[in-house]
Amino acid sequence: MKSTTRPLTAPGTTRVVAPRRAVARRPGTREQTVENPLRAGLRLERVPDPCTIVIFGATGDLTHRKILPALYNLRRAGLLPPESTVLAFARRNYSDEQYRVEMKDAVGRFSRVPLEPAIWDDFAAGLHYLQGEFGSVSSYRALEERLQSIDVARGTRGNRLFYLATPPSAYAEIVTNIGKVGLQKEGKGQGWARMVIEKPFGHDLDSARQLNAELDRVLAERQVYRIDHYLGKETVRNLLVFRFANGIFEPIWNRRYVDHVQITVAEDLGVEGRGSFYEEAGASRDIVQNHMLQLLSLVAMEPPIAFEADALRDEKVRVLHAVDPDWTEERVRQDVVRGQYAAGWVAGKEVPGYREEDEVDPDSSRDTFVALKLEVQNWRWADVPFYLRTGKRLPKRATEIAVRFKRPPLMLFRDAPSEPEPNLLALRIQPDEGILLRFASKVPELGLDVRSVNMDFTYGSSFSREAPEAYETLILDAMLGDASLFTRSDEVEAAWGIVTPMNETWADWDDRNELDTLHFYEAGSWGPEASDRLVERDGRRWRRL
Ligand code: BG6
């Protein structure tokens, strides 16, 4: 098959990629070619084995918006071996050609870079469709046959990446049927088999345990890749580099110096046509249980013994276990605020309240906003509050982690007309990706006034290259067998252990008709007043974003 992308080394190997300047120059010397490419700072790019990526739910929104554009971009970057094949599996009746036409349109609309016809044609030659029923074993037999013929025709060597992009209600039967036909088997000339699973991973602790048990019956944990797309975001990945590739932050990253931490995931969007999903989930299950608790674990974790999947996940899960999950009703009342947006204005547009959205109960008590205070009870963090807030229909989209440091022990400049704000480190996850450090400075004048100033790093001005989409990073890692950025079963359960008691308390309040436990906020505001009170009662306030 003709490939339009860069030539690749043998799949499954590491390819050396030259940086812009592959020569070293010492002052006063002529440019020299460096013998050892690694010394010259050449980058190592990992290329996965060829495989067949089987997408279950291949006609759904996620496949259109995220999965296919990500695969196309990996192909474009030369990171998807030319033999690699995508086999779309879904209920609808499509021919390969019809499916390709629809996906070309999707990639054209949702890819982060414009579609290049020659690369698309090359990619589309390995894009196939198989009509099947998730619940029928005979569909999986047909899938097995198709996979075998793809192995022969395209050289995918028996390697399979199964991607569950269906509604979660279909997960169990797909996994069970894969097991019945034995598609998950590895070894002895069969290649590898891995399974990527989308969130939501259960809706409470019990259902997550049950789903883990169902997976466990068919697959080994090392074959399971639970996606939390926040972990694939460049800025989230950079959190680890920021903390552990620098020597100056880690010594102050603890209760001695840190006053508190704020994590915000704000969205200006509403439920965007996903009313029935949101009625089941709410912000606590949709965002806190996964994205926010992942951010919390990355900020609070101890240095892992190695940059390797299990070492990393061991440390993250320890943080989640150290979060005090002893949510008595009184504590939920005191430390958690659930809110719901009422009608208002966002970005100059009038928007309806949550209860007026399609497929939403007009009396719904579902949380579209959550603010909470958590404590990580270990030696590093005891008594340092972690305040988390997330909501839909807030004034803007902004995700940030702010670490607020303690004031200096003694203020020497007591006579200065103004007192500077305490030091703050803000890690901007999105948008305006970057890192800001706030510190005190003397105002340039004859007197002595002290003010806060910012040192601000932005990715945009320091790096000229565009960051990959989270899904590109994650799918590539799954093909490479690197599970570092995927959540392990114990992690998922630990996170549900934090969120479930809170959800159960809310359900009890709803049963008892305790209406004042749901706080309304106007769309376009920063959430209910109760959220401000949550931090103000500790003498703190939310950062203005
Ligand atoms: C998803 C949630 O996991 O994350 C959505 O289901 C939310 O409700 C989205 O809008 C936010 O992701 P991002 O990448 O836009 O911050």
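A residue is counted here as being near the ligand if one of its heavy atoms lies within 4 Å of it. By that criterion, in this predicted model, the ligand is surrounded by K199, H229, Y230, K233, E267, R274, D286, H291, K392, R397 and Q430. Sorted by residue class, this shell holds 7 charged residues, 3 polar ones and 1 nonpolar one. The nonpolar class includes Tyr, and Y230 is among the residues around the ligand.

Some side chains of the shell can be followed down to single atom pairs. For R274, a side-chain N or O atom is placed 2.5 Å from an oxygen atom of the ligand. The side chain of Y230 offers an N or O atom at 2.6 Å from a ligand oxygen, and for the side chain of K199 the corresponding distance is 2.7 Å. As for burial, the ligand on its own has 390 Å² of accessible area, and the protein covers 80% of this.

Some backbone features deserve a look alongside the ligand site. Most residues other than glycine have a negative phi, and most peptide bonds are trans. K199, one of the residues around the ligand, is joined to P200 by a cis peptide bond with omega near 5 degrees. P200 itself sits in the loop that runs between strand 9 (193–197) and helix 6 (205–218). Q430, also a member of the ligand shell, is linked to P431 through a cis peptide bond, here with omega of about -15 degrees. The loop holding P431 lies between strand 18 (424–430) and strand 19 (434–442). E272, which is not a glycine, has a positive phi of about 50 degrees; this residue belongs to the loop between strand 11 (258–266) and helix 8.

Turning to the overall layout, the chain is divided into domain 1, covering 49–198, and domain 2, made up of 231–409 + 486–536. Between the C-alpha centres of the two domains the distance is 33 Å.

Inside the protein, 4 cavities reach 30 Å³ or more, and the largest of them has a volume of about 150 Å³. This largest cavity is lined by 16 residues, of which F201, Q289, N290, T487 and V492 are the closest to its centre. Helix 8 (275–300) and helix 13 (489–511) each contribute at least two residues to the lining. By class, the lining of the largest cavity comprises 7 nonpolar, 4 polar and 5 charged residues, while the ligand shell has 1 nonpolar, 3 polar and 7 charged.

Definitions and conventions. Residues numbered from 1 in each chain as written. Predicted model: local features only at pLDDT ≥ 70, side-chain atom pairs only at ≥ 80, totals over all residues. Heavy atoms only, no water. Polar contact = N/O pair within 3.5 Å; in protein donor to acceptor, adjacent residues only side chain to side chain. Areas by Shrake-Rupley, 256 points an atom, 1.4 Å probe, with all protein chains shown as cover. Domains from an automatic or database assignment. 1 Å grid on protein atoms, 1.4 Å probe; cavity = no way out; pocket = protein on both sides within 12 Å on 5 of 7 lines; lining within 4 Å. Points joined across faces, edges and corners; volume = space filled by probe spheres on them. Helix = DSSP H or I, 4+ residues; strand = E, 2+ residues; numbered from the N terminus.
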